[in-house]
Amino acid sequence: MRLINEDIRAMKYHFNEIEAKWQQYWAENQTFRAENHSEKPKYYVLDMFPYPSGAGLHVGHPLGYIASDIYARYKRHKGFNVLHPMGYDSFGLPAEQYAIQTGQHPAITTQANIKRYREQLDKIGFSFDWSREVRTSDPNYYKWTQWIFIQLFESWYCTEHNSALPISELVKIFETFGNKTVNAICDETVEPFTAEEWNALSWKEQQEILLKYRLTYLAETEVNWCPALGTVLANDEIVNGVSERGGHPVVRKKMTQWSMRITAYAQRLLDGLDTIDWPQPLKDSQTNWIGRSEGAHVEFFVKDTEDKIAVFTTRPDTIFGVSFMTLAPEHELVAKITTPEQKEAVEAYVEATSKRSERERMADVKTISGVFTGAYAEHPFTKEPIPIWIGDYVLASYGTGAVMAVPCGDQRDYDFAKHYNIEIPNIFEGVDISEEAFADKENTIIANSDFINGLNYKEATTKVIEKLEAIGQGKGKINYRLRDAVFSRQRYWGEPFPVYYVDGVPKMIEAKHLPIQLPEVEKYLPTETGEPPLGNATVWAWDTENNIVVENDKIDHKTIFPLELNTMPGWAGSSYYFNRYMDADNQEAFVSKEAVDYWQDVDLYIGGSEHATGHLLYARFWQQFLFDRGFLPVEEFAKKLINQGMILGTSSYVHIIEPRFIDPEDGATTGSYEFHALIGENLVDFYKQNVRKFRDYFGGTEETQERVLRGFAENELEYFNLLVNSFKSIAKKYGYELPTNDIFPVRRVSMNIEYVENQKLKESSAKDALRFTRTQNIIFDGNNELTLSPEVEKMSKSKYNVVNPDDICEDYGADTLRMYEMFLGPLEQAKPWNTAGITGVHSFLKKLWKLYIDDNGVRFDDSEPTKDNLKTLHKTIKKVEEDIENFSFNTSVSTFMICTNELTAQKCTSKAILEPLAILISPYAPHIAEELWQQLGHSESIATANFPTFEEKHLVESSKEYPISFNGKMRFKLELPLDMSKEDIEAAVMAHEKTQAQLQGRTPKKVIVVPGKIVNVVG
């Protein structure tokens, strides 16, 4: 066994070689492989797995991974069996868009991207258990996504048991009792039936009813359709009315889609938030998204028809204040009840609204718009006619898609009524509504409201609900803002549904025949007839006799049937991957009982807060469902969640000015991209501040020009002349006359930060900058410089402010990158990246190395540690352990720096100090720690070492260094025990040789002793 590396190269801190060496060692020895059987306590640390984009990682991506890795390594040192896996959320639109553009199969693109990600992740030295890697696009993985979908299809939600149950149990109830005694979450369109009526139905009719109970079901729903992407988008995939990916327009349209009945779990999703240690802002986001409210379900009859309009209101006490009703433009009754006179206006309004996303409509609180349908509803109590309008502030996906408008009690209804001159009856006692609505329900006394006059909000609400129930036009109800989740996507690169259709009715493929793999297609676009991309497949039919996928032309609707053409959404595979990691190689179950009973749940989950109402909500829903069905032992998948902040990039913006010149041939004003010039921030500001003077100068006589020049101070005149001469030079370059007196447009564009240094354009990069911005001219300032505008913002490829971690690892090492990212600030906060600041951390690691090994070889020995050595070590142990437990990783880095400085000053060489220090720093800087550990004589990885134990006794002071003064002037210091008496202190001081030298035989007048502080000899 080689205890100490005598190779001269080890005397220097060759971080590239050290890191490559230990990364290879970890891979070959599977150092971080977790076992599903261990006597150690378990600890499961998880990162939100990434989508492998073509751009690879930038320095912002590893922030959360580094934090989780520090904690995972720390827990191993503390004696835990740690599961710390990694994989890839590898289905996604970017790979499909690339396939559409190039014809390259998304699997090829995805594989190349994953290879790049893996290389980058390995370089940073993460302690991932790669033996458990999952990829959502791997058929061996999405086999279980399909299996879970089948379980959802074969389940219903019983409100009596407050749990999902097998659909087979519901069928038995129908066969025996009908549905009148069933308490279930189901479609509101379900009609009551007896057992006899059920048993008399055809198979197809029974299946259509069961679809209204299943936890995943087919229904015609209003969706966000993106024509450019050819797919449905979730609300969280839309930003400012366009697709988040690509910025394409999105419209609302009705389509038959698979949906997940997540609403069945609305209350449990709310209640579960109290049982998990997640950030409060994220909990608040989910609470608001679920949106629980109590009120009443009210039905209004449409006059002269048999139709009814159902509304949910949290203020049934205001029902006598209803003066109009508003339907969402997409409401199913709009076309039916609109009168011929209003048909054209209504249809135009509906068409315009379809081009706005729900989020855009919700955010637009200023615009007031709507159209009268010409129809009237009937008030449940007064029987008075109520005009029915449509308005885009009402959403079809929220509530019933209709509101009873009470303008005296709701400001938006008030503004709408004022705008369209609709009556505003006052139903509040002693309240003035001439200027605004009155919305203070707690101080409400009802008036002008028949049987509830004089009652307060609560009393009136109870009375109204009683009356509505008595006349059969309403009931008390708890409502949720949460809508069922649309689960279909009209794209290729996603999980295929395990579904085929018999007479239009969906049937599940048996689980033993999974996975149903994606077919090959020639084109990744929708078909010419508008079907999803899977409609291009020629082998996409299900043979029920042989249980295989066969050619479409064999479909006979007897034994061979068409398969589902949609694919699952991106969130499907990420809704259970944390459970799959527990037993990633299991081919018989998505996770074995043995594995899940051991690992249970995620102990620490780290990821971005942007997933609050997407992945994190859907994952909780699937977890609770799988718990109900007995597949999992716990209801919540992650005990603790931390949202890491964002590492921000510093973008550099340059301005482009677009001068306009006079054509010498015809005297016309002309502008061309050839005239465009890069211009610095200082010159742009000057131009904007003095644009009128520039116009006067270029459009004026010589006298006017002289007057303009006299109006400038000397320093301003330099800028003015520089710009004027630059504009003239550009004009001359292209054969044009002097500039016109137009205002020259100025725009700001991102500059690639590779061409920038200290927010100045690099002299060597001028040509690159011109090519990059597609301009042909640069206007330098008086110092022959181009000053750019810095802006700290999200690190993004589109902002050209991305810093590649590979470059940092190459130049400074992965340990430096890891420690610097932690040093930037608290984990949860956003912080700007500054490459210049990384040198301080790198210098610290070199200093740490020299504490163990210098130019002459190893420095450590078996010498006994001094008291100062022990004090420094144990205060470091205490602080680092506290910091890691509190996820305050940034302050630990400072602690390591202080410790290294103190031990260096103490000339510490004791292995008794340096060994535990190497363990302390190993979670943060594992490569250097491993190398130093080996140099200290250990043959096993430092990952197996126990975390040092803090001993309080080393921080307890037992002595005091007293300043010894003579007539108030300190002459020397003397260390004495803290428990020494006043008399003994005086005796020790007087007996000291330095005291004798100071006194030179004189007897002092007195000796002042303050124990624990000072000694002053007077006289």
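The legends below describe close-up views of a predicted model.

**View 1. The open sheet of β4, β3 and β5.**
Three strands form an open sheet in the order β4-β3-β5, and their pairing is antiparallel. The edges are taken by β4 (163-166) and β5 (184-185); each has a single partner strand, so one side of each lacks a neighbour in the sheet. Strand β3, residues 155-158, is joined to β4 by four bridges in the antiparallel sense. One point of contact to locate in this view is Cys-158, whose bridge partner in β4 is Ser-163.

**View 2. Strand β6 and its two partners, β10 and β7.**
Strand β6 covers residues 216-226, and nine of its eleven residues are buried, so the strand is largely enclosed by the rest of the structure. Ten bridges connect β6 with strand β10 (residues 251-260), and the pairing is antiparallel. Within this pairing, Glu-220 stands opposite Thr-256 of β10. Strand β7 (residues 231-233) also runs antiparallel to β6, with three bridges between them. Here Cys-226 has Thr-231 of β7 as its bridge partner. β6 and β7 make up a hairpin with four residues between the strands. In the turn, Gly-230 has a positive phi of about 70 degrees.

**View 3. Strand β15 with β13 and β14.**
Strand β15 (residues 385-390) is mostly covered, with five of its six residues buried. Strand β13 (residues 324-327) runs parallel to β15 and is joined to it by three bridges. Met-325 is placed opposite Ile-388 of β15. Strand β14 (residues 371-378) runs antiparallel to β15, with five bridges between the two. On this side, Phe-372 has Trp-389 of β15 as its bridge partner. β14 and β15 form a hairpin with six residues between them. Lys-383, in the turn of this hairpin, has a positive phi of about 65 degrees.

**View 4. Charged side chains over aromatic rings.**
The charged end of Lys-75 sits over the ring of Tyr-43, at 4.7 Å from the ring centre. Arg-481 lies over the face of Trp-289, 5.8 Å from the centre of the ring. As for contacts between aromatic rings, the structure holds 83 aromatic pairs.

**View 5. The cis peptide bond at Pro-515.**
Leu-514 and Pro-515 are joined by a cis peptide bond, with omega about 5 degrees. Pro-515 belongs to the loop between β20 (505-508) and β21 (541-543).

**View 6. Positive phi at Asn-448.**
Asn-448 is not a glycine, yet its phi is positive, at about 50 degrees. The residue is in the loop that lies between α14 (411-419) and α15 (457-471). Its relative accessible area is 59%, which is over the 50% cut-off, so Asn-448 counts as exposed.

**View 7. Positive phi at Phe-887.**
Phe-887, also not a glycine, has a positive phi of about 60 degrees. The residue is located in the loop between α27 (867-885) and α28 (889-905). Its relative accessible area is 8%, which is under the 20% cut-off, so Phe-887 counts as buried.

Terms used: Residues numbered from 1 in each chain as written. Predicted model: local features only at pLDDT ≥ 70, side-chain atom pairs only at ≥ 80, totals over all residues. Heavy atoms only, no water. Pairing = 2+ DSSP bridges. Buried < 20%, exposed > 50% of the residue type's maximum accessible area, 1.4 Å probe, protein only. Phe/Tyr/Trp six-rings, centres within 6.5 Å; stacked < 30°, edge-to-face > 60°. Lys NZ or Arg CZ within 6 Å of the ring centre and 35° of its normal.
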